[in-house]
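Biologist: Could you walk me through this one? I am new to it and would like to start slowly.

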Amino acid sequence: MKGFPKNFLWGGATAANQYEGGWNEGGKGINTSDVMTAGSHTLPRRVTYKNVKTGETGSIIGFGPGAKLPEDCIPAVIEGEYYPSHVATDFYHHYKEDIAYMGEMGFKTFRLSMNWARIFPNGDDAEPNENGLKFYDEVFDECAKYGIEPLVTLSHYETPINLTIKYGGWPNRKCIDFFEKYAKTVFKYYEGKVKYWLTFNEINCMEFAPFVAGGLNDPSPQNKAQAAHNQFVASAKSVKAAHEISSEIKVGQMLAYMPLYAYSCDPNDQLMVMEAAQTSLFYSDVQTGGHYPAYRLKKYEREGIILDTEPEDFELLEKYSADFLSFSCYGSSTVSTHEDVNKAGGNLMMGIKNPYLETNAWGWATDPACLRIALNTLYDRYHKPLWIVENGIGWDDKKDEDGNVHDTYRIDYLRKNIASMRDAINLDGVDLMGYTMWGCIDLVSAGTGEMKKRYGFVYVDRDDKGNGTLERSRKDSFYWYKKVIATEGIDLE
Ligand code: BG6
């Protein structure tokens, strides 16, 4: 049996807004996730705001394509509301302990996001916040002790909120300059310590969560298209800056990718799959492929969308496309044009229910085969190295009488998913750089803001209301993953 390549980057992934906490410590500013309340499986998370003229407060849906702030209202932290990102699972004060757990499992890499507002609290500051720079410096030094290579996302739903209030968020081209300055600052500061960077987490979330993805206070189709364009240019400028600083630094794209299946062989269902796939692939066609695809330009023409561009934008996109393509993939999604099928159930995130697949309590389907399909599709399309930076299963883990979490369901999910990656490498020849299982230490769910939707190898004592000691303990999957890494993916039993 062939395993994984010797230099394969095994590890786990996290995001500052779901893991780090310390939201108002060390000079950090507020970001888009810091104004999002907790939700649940049925109740959406909300963005709180205050009216600058009347002082009145209120909220709008946070994750959604149409979340628009009312006139004279700015996103704000409101007293008495509960915001899961503020403490999250407190990596800020537990990083040494957590990185030691990662070291014990044999991690080769650790994906974390840098809280942009910890480095530039308002996004448009003249100078970076030294305290913020020092914090991550210590984190990277800690990683180095265990031979762990950091993989750093520059923005994981963490645009400084001042950029929304003052500039309207990413539809404003000024954000390109602010981001470029931020990227250059940290590329230089951590040169020699951080080799792998990602620009925007799940950049295609601009389609269905524009506030979270780009701090948009008005998510009109025109604004979303402009925000995406500005992020593409900011990414290209980051690649350029990184290469000028050092040829060692690699800057990747991060895409939310979910293979799509048609519910039937009705050609209309197949067309629906094609169009839905283009909605995501547009983002990688530009950022990794280097060009605006014809299907998207035609769409903009039909919808009367006109992009505000500079003459050099398109050359930059082509010349400085992403060095590698990373993506999240939790399962597949099934679509249908048939009303009766659509009514049959399923959930918002994952389309309609696929009768061949099992789902977790949140309706997310487990589909290991789709990982191999995703890897082949993306490799064939771009011929660039790939990296799976999110995959895993959310579960309401409970401690047994012996005080431990026996998460056999997670081991089962991961075993099948890792075997599917192994096939993509060994049977299909896909160039896969690494795998970072999502939420390696328990953290807050992005979609629901819950704690009980856990992904980790390490349990953290904290509940949905923010109670708990934050004490860490190993789950059964911890020992299993350690063995997988030690055997280079050969022993998955
Ligand atoms: C990805 C995000 O979409 O999915 C993560 O990049 C998120 O931030 C993950 O946590 C899992 O989703 P959820 O809603 O279960 O946290």
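Modeller: We can begin with one residue and then turn to the ligand. This is a predicted model, in which local features need pLDDT of at least 70, side-chain atom pairs count only at pLDDT 80 or more, and totals for chains, interfaces and linings use all residues. Residues are numbered from 1 along each chain as its sequence is written, and side-chain values use heavy atoms, with hydrogens and water left out.

Biologist: Okay, where is F200 placed?

Modeller: F200 sits in strand β7, residues 196-200, where a strand is a DSSP run of E with at least two residues, numbered from the N terminus.

Biologist: And is F200 buried or exposed?

Modeller: F200 counts as buried because its relative accessibility is 3%; buried means under 20% relative accessible area, with a 1.4 Å probe and protein chains only.

Biologist: Which residues is F200 in contact with, leaving aside neighbours within four places in sequence?

Modeller: F200 is in contact with S155, W170, F179, Q231, A234, S235 and M254, contact meaning heavy atoms within 4.5 Å.

Biologist: Switching to the ligand, which residues come nearest?

Modeller: Of the 14 residues around the ligand, Q18, E202, A446, K453 and Y455 come nearest, and a residue is counted there if one of its heavy atoms lies within 4 Å.

Biologist: What lies 2.6 Å from an oxygen atom of the ligand?

Modeller: That is a polar side-chain atom of E202, while polar side-chain atoms of N201 and E390 lie 2.9 Å and 2.8 Å from a ligand oxygen atom, respectively. The protein covers 94% of the 380 Å² of accessible area that the ligand has on its own, with areas taken from the Shrake-Rupley method and a 1.4 Å probe.

Definitions and conventions: Helix = DSSP H or I, 4+ residues; strand = E, 2+ residues; numbered from the N terminus. Buried < 20%, exposed > 50% of the residue type's maximum accessible area, 1.4 Å probe, protein only. Polar contact = N/O pair within 3.5 Å; in protein donor to acceptor, adjacent residues only side chain to side chain.
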